[in-house]
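Student: Before we begin, could you show me the model, so that I can ask how its descriptions are justified?
Tutor: Here it is, and please keep in mind that the model is predicted.

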Amino acid sequence: MSQLDLSLLESMPMPDGAPGPGGCVRLERPEPGLVVLVIDPPHRKLAVFDRPLMRDLAAALDELARDSALKALVVTGKSPTAFVAGADIDVIEAIDDAQRATALARFGQQLFQRLADLRAFKVAAVGGPVPGGAFELSLCCDRIVLAEHSASRIGLPETQLGILPGWGGCQRLPRRIGTPAALEAILTGKLYVARQALKLGLVDRLAAPENLRRIACDIALGRTSCARRERGLWGLLIDRNPLARIVVASQARKGVMAKTRGRYPAPLAALELVVAAPTTSLASGLEREAQALGQLAVTPVCKSLISIFRGTEDAKKLARSPGGGDARTIARAGVIGGGVMGGAIASLMAERGVDTRLADLARKAVDTALVEHARAIHSSLRKRRMQQHEAEAALDRLEGATSIDGFARSALVIEAVAEKLEVKRSVFATLAKQIAPDAILASNTSSLSIDAIAQGLPHPERVVGMHFFNPVRLMPLVEIVRGAQTSDETVAATAKLALRLGKTPVVVRDVAGFLVNRVLGPYLDEAVRLYELGVAPQTIERAALDFGLPMGPLELLDEVGLDIAAHAAQSLEGAYGERMKSSRLVAKLVAVGLKGKKSGAGFFLYTSDPKSGRPRKGEFNPRVAEAARPHASSTLTFDDVRDRLGLALVNESALCLQEGVVASERELDLATVFGMGFPPFHGGAMRYVALRGAREIVERLRRLGDAPDVRSRDGARQRFEPCALLVERAK
Ligand code: NAI
């Protein structure tokens with residue numbers, strides 16, 4: 001057994017409150033020959049592989065290696081749903097030396113190998129979150145038993161953080177479940193719920209949380225049999241056949257490139273390792289894995305992705321009430337308006353355990369919402385994300401109504417009715433008469449002021465914006481809009497609800513467009529202006545994709561709906577004046593019936609997909625040229641086009657930060673990534689400024705603002721005038 005270089009640990013930070021040697025790991029001996037190794041560091045709610053835990057794990061494994069009576073070992077956490085959260089993100093975030101990162105990967109590999117080398121039958125008894133290193137440690141055991149609990153999530157998410165599983169995951173997972181399945185798990189970085197994990201063979205058995213430890217001990221001692229999940233015939237055939245592996249690898253590579261456009265090095269590096277695993281010795285595979293991890297850990301992409309991860313972790317703190325403890329839990333809620341947004345919000349609430357009453361004046365809207373809810377729940381059931389009894393309960397939790405009454409017991413009611421101030425006010429006035437005095441009234445408005453909606457209500461401190469994005473189930477962000485009078489308790493309880501719905505909340509001030517739509521305004525308008533200037537639509541779309549955005553701006557306008565976009569542009573212009581003055585083209589298109597994807601035509605033409613029936617994007621719509629009469633051609637370079645789009649967005653983002661629309665840079669970054677698809681590899685708008693350099697951005701904005709068409713356009717110069725915050729940073 002190679003010697004562990006424990007001095008390496010000294011370069012890692014020692015977390016506050018960490019116990020002395022031996023304090024993080026316990027060895028229990030419930031019966032002769034059996035040891036239960038319990039990971040239970042007192043300084044963390046959920047353990048991570050930080051310096052004290054690595055130290056104590058090394059000592060415990062040393063002790064076990066010397067224990068000649070050891071026959072069976074169970075590795076577990078402090079409870080059936082608390083094991084280890086994975087590697088210490090602080091360490092990965094801080095590391096700037098590839099060799100040191102490689103050395104730390106090797107250290108973890110050698111440590112885990114000591115577990116694998118123990119001459120005992122080893123069973124991992126895990127549950128709750130089991131990501132990354134936690135799963136890699138489990139993979140060193142002979143069997144893995146997972147708690148069958150809604151909190152259990154297991155997998156190797158490292159590529160999502162710009163690195164790869166570097167403690168043996170790229171070697172042991174393909175050896176366990178075969179190359180194709182391991183590629184799927186590692187390249188997507190998915191965390192699987194219990195039943196999916198069992199089906200894929202990530203674990204060998206599920207156990208009710210209360211039986212987890214007992215069953216694991218019985219398996220370890222041979223009292224209960226538990227077959228190891230094998231990789232299956234398909235996996236075996238692929239692994240044994242070099243030609244088949246080449247084909248699988250090439251398909252996977254194509255898939256990764258299509259998704260990432262080569263912007264993310266981690267999945268590609270992981271892919272090579274996983275595909276080579278069946279024909280590589282474990283030792284040399286591990287070494288290559290450590291080398292690859294070292295290279296990846298120091299890339300800006302990795303740091304950007306970690307910054308976003310940190311932002312989402314910080315967002316969870318919004319659920320704390322101002323006094324300290326947890327904010328109030330909303331167990332029963334109401335939704336008014338069962339259209340596109342309200343129906344989906346109500347369904348998500350019911351799915352996530354909130355008793356929900358949905359009211360819409362139109363019976364048809366209620367019926368459609370209930371049908372859509374049933375469809376969503378059945379889909380979760382089919383994908384094994386839910387069990388039968390959970391699905392039935394989720395269906396029961398949503399009730400429909402055609403009048404605004406029966407909300408007396410709702411702790412929060414969210415309205416998603418038509419976007420008209422009088423309508424929203426009257427809905428809230430009706431609700432205010434029946435809800436409990438401490439209930440919250442939330443609005444999903446995208447363009448009206450929360451203060452204006454709250455006016456005249458008895459408890460304006462309990463009025464808040466809860467701005468979801470369309471499509472509700474897919475979009476990860478919710479803007480929590482704090483009005484001038486909204487109380488801290490209201491913000492915290494609403495943020496907590498958003499978190500429960502699986503969303504990332506960002507608190508924003510009540511300004512026109514809030515944060516996301518305000519920042520999108522100048523960007524989308526710039527795209528339309530570029531088209532009018534004679535830039536080919538394909539070039540505009542390509543420039544945005546090249547910047548790293550997930551979709552071109554003209555297509556995004558079609559998705560949003562040109563009518564909605566025109567309305568949003570108008571309200572931004574009303575609030576901010578010249579700087580937001582927008583082209584009239586979109587309104588003109590709406591006037592001739594072109595409303596985007598939902599109407600079958602906008603900037604692009606849409607046909608119905610014969611298989612799914614869903615609209616499919618086709619050619620650029622020739623009628624747009626008739627309405628716009630664009631210039632014959634433009635002299636702008638591709639870089640100009642890309643920067644006009646990207647920097648219009650960045651400048652407005654920086655201005656929002658300057659004006660305190662969000663409290664911190666990290667929240668701004670999070671909102672730009674999750675709300676508008678700002679490229680995650682850039683880490684968000686402000687991180688992009690830091691990466692590219694504020695000085696260069698300021699100079700570039702000034703040069704873009706000097707272009708003749710910009711100079712001659714009302715207000716456009718202001719749009720490219722770098723905001724004070726950028727100018728300050730450029731110094
Ligand atoms: P929608 O038109 O699909 O649904 C509105 C529903 O409200 C309709 O079913 C209507 O029957 C119902 N309704 C109208 N007045 C009512 C009243 N007094 N009482 C009860 N029900 C009433 O509209 P959508 O798209 O769902 O938008 C709703 C709200 O969400 C608007 O404030 C909109 O600005 C906001 N929003 C919309 C987004 C989108 O992309 N569609 C995105 C984010 C926010």
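Student: What makes the approach of Lys-424 to an oxygen atom of the ligand a polar contact?
Tutor: A polar side-chain atom of Lys-424 lies 2.6 Å from an oxygen atom of the ligand, and a pair of N or O atoms counts when it is within 3.5 Å, so the pair with Lys-424 qualifies. Asp-360 also has a polar side-chain atom 2.6 Å from a ligand oxygen, and for Asn-470 the distance from an N or O atom of the side chain to a ligand oxygen is 3.3 Å.

Student: How much of the ligand does the protein bury?
Tutor: The protein buries 76% of the 830 Å² that the ligand exposes when taken alone. Helix 14 (340-351), helix 17 (421-432) and strand 17 (463-468) are the elements that each give two or more residues to the surrounding shell, and helix 17 supplies the largest share, three residues.

Student: Which kinds of residue make up the shell around the ligand?
Tutor: The shell divides into 13 nonpolar, seven polar and three charged residues.

Student: Turning to the sheet with the order 7-9-10, why are strands 9 and 10 said to pair?
Tutor: Pairing requires at least two bridges, and strand 9 (residues 153-155) and strand 10 are joined by two bridges in the antiparallel sense, so they meet that requirement. Gly-155 has Leu-191 of strand 10 as its bridge partner.

Student: What makes strand 10 (191-192) an edge strand?
Tutor: Strand 10 pairs on one side only, as does strand 7 (129-131), within an open sheet of three strands with mixed pairing.

How values were computed
Residues are numbered from 1 along each chain as its sequence is written. This is a predicted model: local features need pLDDT of at least 70, side-chain atom pairs count only at pLDDT 80 or more; totals for chains, interfaces and linings use all residues. Side-chain values use heavy atoms; hydrogens and water are left out. Helices (H or I, at least four residues) and strands (E, at least two) are DSSP runs, numbered from the N terminus. A polar contact is a pair of N or O atoms within 3.5 Å; within protein, one must be able to donate a hydrogen and the other to accept it, and residues adjacent in sequence count only if both atoms are side-chain atoms. Accessible areas come from the Shrake-Rupley method with a 1.4 Å probe; for residues, only the protein chains shown count as cover. Ala, Val, Leu, Ile, Met, Phe, Trp, Tyr, Cys and Pro count as nonpolar, Asp, Glu, Lys and Arg as charged, and the others, Gly among them, as polar.
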